Amino acid sequence: MDTAPDLRAPLRARTVDAPPGAGADHGIERGLVAIGEPLAQLPASLDDAVAATAAEHGEKAARMLERFAALPDGTVVWTQDSAGAFHRGTIAGPWRYDASAEGLLLGLVHARATAWEPDAFGPDAVPAKVAASFARGGRNLQAIR
């Protein structure tokens with residue numbers, strides 16, 4: 001049986017230029033993993049959020065939101081904080097819109113509850129494919145292969 005790949009979650013919105021790791025620090029502190037982009041109005045549901053995302057940010061962004069919301073609970077995500085340490089978490093809840101001041105400031109408003117492990121990992125303590133995935137850079141949630 002195939003298992004889903006771990007995901008790289010840089011927690012960096014495409015339209016907000018926050019410092020590297022700021023979104024990860026926010027996500028770890030608040031127990032979430034999130035993607036962008038902020039919407040002009042607070043959505044009442046995921047369907048509303050997808051429609052508004054398509055209208056405001058394009059169909060590609062809407063598809064990314066749909067895939068993010070459809071990830072099963074238990075999906076493993078990795079992020080890298082502002083100090084360069086890696087953190088592993090497990091998605092543990094449905095999509096929600098995070099209209100907190102921090103979420104809006106960072107552009108990370110489409111959120112899922114995530115149980116982050118209490119200990120961070122140094123670059124030499126993570127699987128090589130995790131370190132390589134982050135070394136390539138990028139802002140998108142992606143499978144680690």
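I'll start with the interior. The largest nonpolar core in this predicted model has 26 residues, and Val33, Leu65, Val77, Trp95 and Leu108 are the ones with the most contacts inside it. Several elements feed this core: β2 (32-35), α2 (46-57), α3 (59-70), β4 and β5 (110-116) each supply at least two of its residues. A second core, of seven residues, lies apart from that one. Its members include Trp78, Phe121, Val126 and Ile144. As background, nonpolar side chains in soluble globular proteins tend to be buried together.

Now Leu108, from the list I just gave. Which residues is Leu108 in contact with, leaving aside neighbours within four places in sequence? They are Leu11, Arg12, Ala13, Gly23, Ala34, Ile35, Gly36, Asp98 and Gly103.

Two of those, Ala34 and Ile35, bring us to β2. Which way do the residues of β2 point? Leu32 and Ala34 point one way, Val33 and Ile35 the other, and all of them are buried. As for its partner, β2 pairs with β5 in the antiparallel sense, over four bridges. Within that pairing, Ala34 has Ala111 in β5 as its bridge partner.

Next, β3. Strand β1 (residues 7-8) is joined to strand β3 (residues 76-80) by two bridges, and the two strands run parallel. There, Arg8 stands opposite Trp78 of β3. That is the Trp78 I listed in the seven-residue core.

β3 is also joined to β4, by five bridges, and here the strands run antiparallel. Gln80 has Phe86 in β4 as its bridge partner. These two strands form a hairpin with five residues between them, and in that hairpin Gly84 takes a positive phi near 95°.

Phe86 comes up once more, with the aromatic rings. How many aromatic pairs are there? The count comes to two. I'll describe one of them, Phe86 with Phe134. Why is this pair edge-to-face? The ring centres are 5.4 Å apart and the planes are at 75°; planes over 60 degrees apart count as edge-to-face, so the pair gets that label. Phe86 is in strand β4 (residues 86-97) and Phe134 is in helix α5 (residues 128-135), so to speak distant parts of the chain, 48 residues apart, which the pair links. Both Phe86 and Phe134 are buried.

To recap, Phe86 is the bridge partner of Gln80 and also pairs edge-to-face with Phe134. Ala34 is bridged to Ala111 and is in contact with Leu108. That's what I have.

Note on methods
Residues are numbered from 1 along each chain as its sequence is written. This is a predicted model: local features need pLDDT of at least 70, side-chain atom pairs count only at pLDDT 80 or more; totals for chains, interfaces and linings use all residues. Side-chain values use heavy atoms; hydrogens and water are left out. Rings of Phe, Tyr and Trp (its six-membered ring) pair if their centres lie within 6.5 Å; planes under 30 degrees apart count as stacked, over 60 as edge-to-face and the rest as tilted. Buried means under 20% relative accessible area, exposed over 50%, partly exposed in between (1.4 Å probe, protein chains only). Two strands pair if DSSP finds at least two bridges between them. A nonpolar core is a set of buried Ala, Val, Leu, Ile, Met, Phe, Trp, Tyr and Cys residues joined through side-chain atoms within 4.5 Å. Contact means heavy atoms within 4.5 Å.
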